[in-house]
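I opened this notebook to record what I looked up in one protein structure, going from the whole fold to single residues.

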Amino acid sequence: MALHLLKLCVGATSPEDLAAHIHHRLANSGSPAYWHVTRMVPKRGDELAAGGSLYWIIRGSVQARQSIVGIEPFTDEAGIGRCRILLDRALVLTRHQPRRPFQGWRYLKDEDAPADLRAFDEPGDGLPPELSSALQELGVI
């Protein structure tokens with residue numbers, strides 16, 4: 001059973017914003033890898049890298065995830081210990097799951113993780129994102 005992380009997606013107002021950010025960073029970094037930097041190193045990093053995902057909370061709900069490919073502790077140029085969470089480039093949309101704000105990240109058990117809907121770049125249900133979100137929150141879709 002996989003272990004996952006929950007993280008607030010600060011600055012993004014939709015999965016489309018997050019996808020644009022990922023695309024922009026990959027295009028401008030010159031690196032084939034994509035990662036998210038955190039201050040603390042997860043103590044359960046081996047479990048996360050063995051099939052876990054980083055679930056993004058956007059505007060108060062889990063809305064998307066990226067598979068975790070690795071955990072890489074490092075020291076930045078100021079001498080502060082940090083951690084790169086290496087992520088798959090693919091963004092997967094998930095069922096909305098309301099979450100309250102918090103600092104940092106939280107572990108998420110596999111059985112508590114929201115179900116996948118589709119890969120971000122796959123055709124959707126044809127509904128505008130706002131309507132799809134509202135219907136998910138109501139439990140209609």
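The entries below begin with the overall layout and then take up the cores, a pocket and three residues.

**Entry 1, overall layout.** I began by noting that the model is a predicted one. I counted three helices and eight strands in the protein, and reading from the N terminus I wrote their order down as β-α-β-α-β-β-β-β-β-β-α. I then looked up burial and found that 38% of the 141 residues are buried. For the surface I noted an exposed area of about 8,300 Å², of which carbon and sulfur atoms supply 53%. I also checked how far along the chain the contacts reach: among those with a separation of 6 or more, 66% join residues that are 24 or more positions apart.

**Entry 2, the nonpolar cores.** I next looked up the largest nonpolar core, which has 21 residues, and listed Leu5, Leu18, Trp56, Ile68, Leu87 and Leu91 as those with the most contacts inside it. At least two residues of this core come from each of β1, α1, β3 (53-58), β4 (61-75) and β5 (81-87), and the largest share, four residues, is supplied by α1. I noted as well that there is a second, separate core of seven residues, with Val62, Phe102, Leu108 and Ala113 among them. Going back to Leu5, I listed its contacts beyond four places in sequence, and these include Pro42, Leu48, Leu54, Ile68, Ile85 and Trp105.

**Entry 3, the second largest pocket.** I asked which residues are the closest to the centre of the second largest pocket. This pocket has a volume of about 170 Å³, and of the 15 residues that line it, Cys9, Val10, His21, His36 and Trp56 are the closest to its centre. The elements that give two or more residues to the lining are β1 (3-8), α1 (15-29) and β2 (34-38). Sorting the lining by class, I wrote down nine nonpolar, three polar and three charged residues. I noted that Trp56 is listed both here and among the residues with the most contacts inside the largest nonpolar core.

**Entry 4, Arg84.** I located Arg84 in strand β5 and looked up its accessibility. Its relative accessible area is 21%, and because buried means under 20% and exposed means over 50%, Arg84 counts as partly exposed. Leaving out residues up to four places away in sequence, I found that Arg84 touches Trp35, His36, Val37, Gly70, Ile71, Glu72 and Phe74. For one of these, Phe74, I also noted the C-alpha separation from Arg84, which is 7.4 Å for two residues ten places apart along the chain.

**Entry 5, Gln63.** I found Gln63 in strand β4 and asked whether this residue is buried or exposed. Gln63 counts as buried, because its relative accessibility is 9% and the cut-off for burial is under 20%. Beyond its neighbours within four places in sequence, Gln63 is in contact with Pro15, Trp56, Ile58, Val92, Leu93, Thr94 and His96.

**Entry 6, Arg59.** I finished with the backbone at Arg59, which sits in the loop between β3 and β4. Most residues other than glycine have a negative phi. Arg59 is not a glycine, and yet its phi is positive, at about 50°. I noted finally that Arg59 is exposed, with a relative accessible area of 66%.

Methods: Residues are numbered from 1 along each chain as its sequence is written. This is a predicted model: local features need pLDDT of at least 70, side-chain atom pairs count only at pLDDT 80 or more; totals for chains, interfaces and linings use all residues. Side-chain values use heavy atoms; hydrogens and water are left out. On a 1 Å grid over the protein atoms alone, a cavity is a set of points where a 1.4 Å probe fits but cannot get out, and a pocket is an open set with protein on both sides within 12 Å along at least five of seven lines; lining residues have an atom within 4 Å of a point. Grid points are joined across faces, edges and corners, and a volume is the space filled by probe spheres set on the points. Ala, Val, Leu, Ile, Met, Phe, Trp, Tyr, Cys and Pro count as nonpolar, Asp, Glu, Lys and Arg as charged, and the others, Gly among them, as polar. A nonpolar core is a set of buried Ala, Val, Leu, Ile, Met, Phe, Trp, Tyr and Cys residues joined through side-chain atoms within 4.5 Å. Buried means under 20% relative accessible area, exposed over 50%, partly exposed in between (1.4 Å probe, protein chains only). Contact means heavy atoms within 4.5 Å. Accessible areas come from the Shrake-Rupley method with a 1.4 Å probe; for residues, only the protein chains shown count as cover.
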